[in-house]
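Morning, everyone. I've got one structure to walk you through today, so have a look at it while I talk.

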Amino acid sequence: MPAPNSAAVPEEPMQFIHEWPASRVVFGPGRIAAVAAEVARHGDRVVVINDRVAGAPADRITAELGSSAVLRVPEVVQHVPAGTVAAAVSAVRSARAEVIVCVGGGSATGLAKGIARELALPVVAVPTTYAGSEMTSIWGLTENGLKTTGRAEIVRPRTVVYDPELTLGLPTAISLTSGINAIAHCVEALYAADSSPLGRLTAAEGIRSMSGALPVLLAEPRNLEARGLALRGAWLSGWALEVSSTGLHHKLCHVLGGLFDLPHSPLHTVLLPYVVTHLAPAAPDRTRLLLDSLGLPGSTIDAGGLIWDLHRKLGVPASLADIGLRMTDLDLAITRSVAALAGGPFPPRPASPGDLEHLLRTAVTGDRPVTG
Ligand code: NAD
């Protein structure tokens, strides 16, 4: 028997459950033209939800739907407030809509999911950021300052139409942090205890795609090829997130984002190097895959620092202070994070109260993380 290719042999025991939920993806420049036909596969009466900045593509979709477009929700609010969902549910019910189309970033997708959860309607998503929510069954809702999330099959968009042309105007700063938000999904999928070999391949390819695109977008924000590569990365990252559990990174972002109303993708961007620094030593093989996918040579033990270096080259926010956390809030951030997360089963390495305090104290100043 020939010797196995050592690169193909996993270090860990080969034991997993793999489930690949169905989702139709239509991808490519100009694909906005396909939206009306995609919607028609699901029903006749359509509500079009859009972020205000996505007004033009939503107008076009509405025009192409003609009399099938029975309702327009032309504005969305970040973090999916429960009141916004309740008002939209009532309007959609009155309009007797059968299908939801959402055009915009994770906030627009989030509102569509909130309605789908209540009314069991199919969603067709047309994303304009790299949040990846369009590929997942994860919903989120904010009420009285508390964000609740869960998973429900019914909210996962049945069809996703990715058109890189719709992202040409996404400001560079948002493009970069949104892209790193997608990379963070992949990082969690790489480290997740329940990720399958196929889930990890998806995550690695998502990182490769996105990290290839971001330096080009920094230099040429309207480069359509790089926009396509980034959107491809967003697709894969959302899929990787869908097929594995979230871990320390997402849980920490969730606690801090909810508590201090910090902006979503910049928060993911700032925390990623610090979380990787904590996790990397516990899973060198997965960390190697992460660094290789990012195209970063160097030691796995310094993976978080290497990601921090990359972020400095991209010019994205470095510290929690940069994105609005006041030093006077640091103690509360630590107390709440410790209460919510300490000792949690966050593979590959649990986080003790001391670990969390160290992570947050470094992240608030933005210093290069060092493995302790
Ligand atoms: P967002 O939708 O709020 O968009 C960020 C900013 O980009 C907004 O100001 C928006 O107006 C602007 N924007 C969007 N598209 C644009 C375009 N093409 N051109 C110019 N500006 C544009 O934020 P997001 O980062 O896309 O998504 C974050 C939200 O999604 C959070 O609520 C987060 O919890 C959620 N999310 C959910 C999942 C999931 O699986 N459920 C995954 C990722 C994110």
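I'll go through one helix first and then the ligand.

Quick housekeeping: this is a predicted model, so to speak about local features we need pLDDT of at least 70, side-chain atom pairs count only at pLDDT 80 or more, and totals for chains, interfaces and linings use all residues. Residues are numbered from 1 along each chain as its sequence is written, and side-chain values use heavy atoms, with hydrogens and water left out.

Okay, helix H4, residues 106–119. Helices here are DSSP runs of H or I, at least four residues, and strands are E runs of at least two, numbered from the N terminus. Now, is H4 enclosed or not? Largely enclosed by the rest of the structure, because 10 of its 14 residues are buried, meaning under 20% relative accessible area with a 1.4 Å probe, protein chains only. Among the buried ones are Ser107, Leu111 and Ile115. The buried residues of H4 pack against partners including helix H3 (82–95) and strand E4 (99–104), where contact means heavy atoms within 4.5 Å. Just after H4, Ala120 has a positive phi of about 55 degrees.

On to the ligand. H4 gives the largest share of the shell around the ligand, three residues. Ser107 is also one of the residues that come nearest, out of 22 around the ligand; to be near, a residue needs a heavy atom within 4 Å.

For polar contacts, we're talking N or O pairs within 3.5 Å. The side chain of Thr128 has an N or O atom 2.7 Å from a ligand nitrogen, and for the Lys113 side chain that distance is 3.5 Å.

Technical notes. The expected span of a helix is 1.5 Å times one less than its number of residues. Buried means under 20% relative accessible area, exposed over 50%, partly exposed in between (1.4 Å probe, protein chains only). A polar contact is a pair of N or O atoms within 3.5 Å; within protein, one must be able to donate a hydrogen and the other to accept it, and residues adjacent in sequence count only if both atoms are side-chain atoms.
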